[in-house]
Amino acid sequence: AKKLEARNNEAEDALRARNAEISNLKNDLVTSDKSKKMYEDELNELRATQEGAEAAALALSPQADNDKLKRLEVDNSNLKAKVEQLESGASEGGRAAELEKELADKNTEVSKLQNDKEKLEAYTKKTLQKFQEKYLVALQDCKAKLKEKHDKIEALEMRSANEKMAQKREERLLSSAIYELGLGIMQNRLKH
């Protein structure tokens with residue numbers, strides 16, 4: 001009877017330990033959920049910031065570049081008109097060469113601005129892609145850990161339920177054994 005009682009106490013202690021472990025895992029799960037939510041919020045916030053910066057960069061820089069391009073194109077056409085006038089007049093040959101040089105300088109400046117604009121757009125896209133890859137990896141890692149904890153909790157809960165059933169079965173066997181022992185003692189006393 002003492003052995004059964006000791007086994008029963010051990011089973012109860014094991015059950016308490018399992019329940020404590022399940023409680024700890026549930027707390028870890030809640031922490032992981034909060035961490036996942038925090039990463040998702042941070043990712044969304046950074047995406048919004050990046051998109052805003054990209055839009056601002058594209059809005060400001062190309063607008064300024066476009067204004068400058070338009071101004072340079074107007075200057076360019078004015079210079080072409082002057083060159084044509086001078087060539088038709090042919091009286092100021094040195095002035096025509098000067099205007100052609102000015103025109104070539106403006107064309108160089110226009111192509112430089114276009115190259116700068118393309119470089120800015122390429123850099124923005126590359127930066128955004130790297131950023132998204134970094135946070136997607138972190139998010140996937142967090143999801144994997146969360147799934148692992150869910151699986152572990154389910155396994156422990158299933159194990160705990162099985163141990164509870166085994167404990168109840170042992171309690172019934174113990175009660176039955178005590179009942180039979182008491183019945184046997186009573187029958188012995190009645191015979192004597």
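## Two helices, their cores and their salt bridges

Lys147 is exposed, its relative accessible area coming out at 52%. Keep in mind that this is a predicted model. The fold is quick to describe: the chain has two helices and zero strands. What follows goes from the whole chain to the cores, and then to the charged pairs.

**The chain as a whole**

- Of the 192 residues in the chain, 19% are buried.
- About 14,400 Å² of the chain is exposed, and carbon and sulfur atoms supply 53% of that area.
- Take the contacts in the chain with a separation of 6 or more: residues 24 or more positions apart account for 87% of them.

**Nonpolar cores**

- The largest nonpolar core has six residues: Ile22, Leu25, Leu29, Leu146, Ile153 and Leu156.
- Both helices chip in here, as H1 (2-89) and H2 each supply at least two residues of this core.
- Apart from it lies another core, this one of five residues, including Leu43, Leu128, Phe131 and Tyr135.
- As background, nonpolar side chains tend to be buried together in soluble globular proteins.
- Leu146, one of the six in the largest core, touches Leu29, Ser32, Asp33 and Lys36, leaving aside residues up to four places away in sequence.
- Leu29 is therefore a partner of Leu146 in two ways, because a nonpolar core is a set of buried residues joined through side-chain atoms within 4.5 Å: Leu29 is listed in that core and also among the residues Leu146 touches.

**Salt bridges inside helix H2**

- The whole structure holds 12 salt bridges, and three of them are picked out below.
- Asp151 and Lys147 meet through their side chains in a salt bridge, at 3.1 Å from N to O.
- Both Asp151 and Lys147 sit in helix H2, four residues apart, or about one turn of the helix.
- Asp151 counts as partly exposed because its relative accessibility is 36%, whereas Lys147, at 52%, is exposed; the line between those two classes is drawn at 50%.
- Lys145 pairs with Asp141 in another salt bridge, where the closest N and O atoms are 3.8 Å apart.
- Here too the two residues, Lys145 and Asp141, lie four apart in helix H2, about one turn of the helix.
- Lys145 has 48% relative accessibility, so it counts as partly exposed, and Asp141 is also partly exposed, at 41%.

**A linked charge network**

- Glu163 and Arg159 form a salt bridge between their side chains, with an N to O distance of 3.8 Å.
- Helix H2 holds both Glu163 and Arg159, with four residues, about one turn of the helix, between their positions.
- Glu163 is partly exposed because its relative accessibility is 25%, and Arg159 is partly exposed with a relative accessible area of 40%.
- This pair doesn't stand alone: Arg18, Glu21, Arg159 and Glu163 are linked in a network of salt bridges.

**One more spot to look at: Ala104**

- Ala104 belongs to helix H2, which covers residues 93-191.
- From C-alpha to C-alpha, Ala104 and Asn76 are 9.0 Å apart in space, with their positions 28 residues apart in sequence.
- Ala104 counts as partly exposed because its relative accessibility is 38%.

Note on methods: Residues numbered from 1 in each chain as written. Predicted model: local features only at pLDDT ≥ 70, side-chain atom pairs only at ≥ 80, totals over all residues. Heavy atoms only, no water. Buried < 20%, exposed > 50% of the residue type's maximum accessible area, 1.4 Å probe, protein only. Contact = heavy atoms within 4.5 Å. Salt bridge = Lys/Arg side-chain N within 4 Å of Asp/Glu carboxyl O. Areas by Shrake-Rupley, 256 points an atom, 1.4 Å probe, with all protein chains shown as cover.
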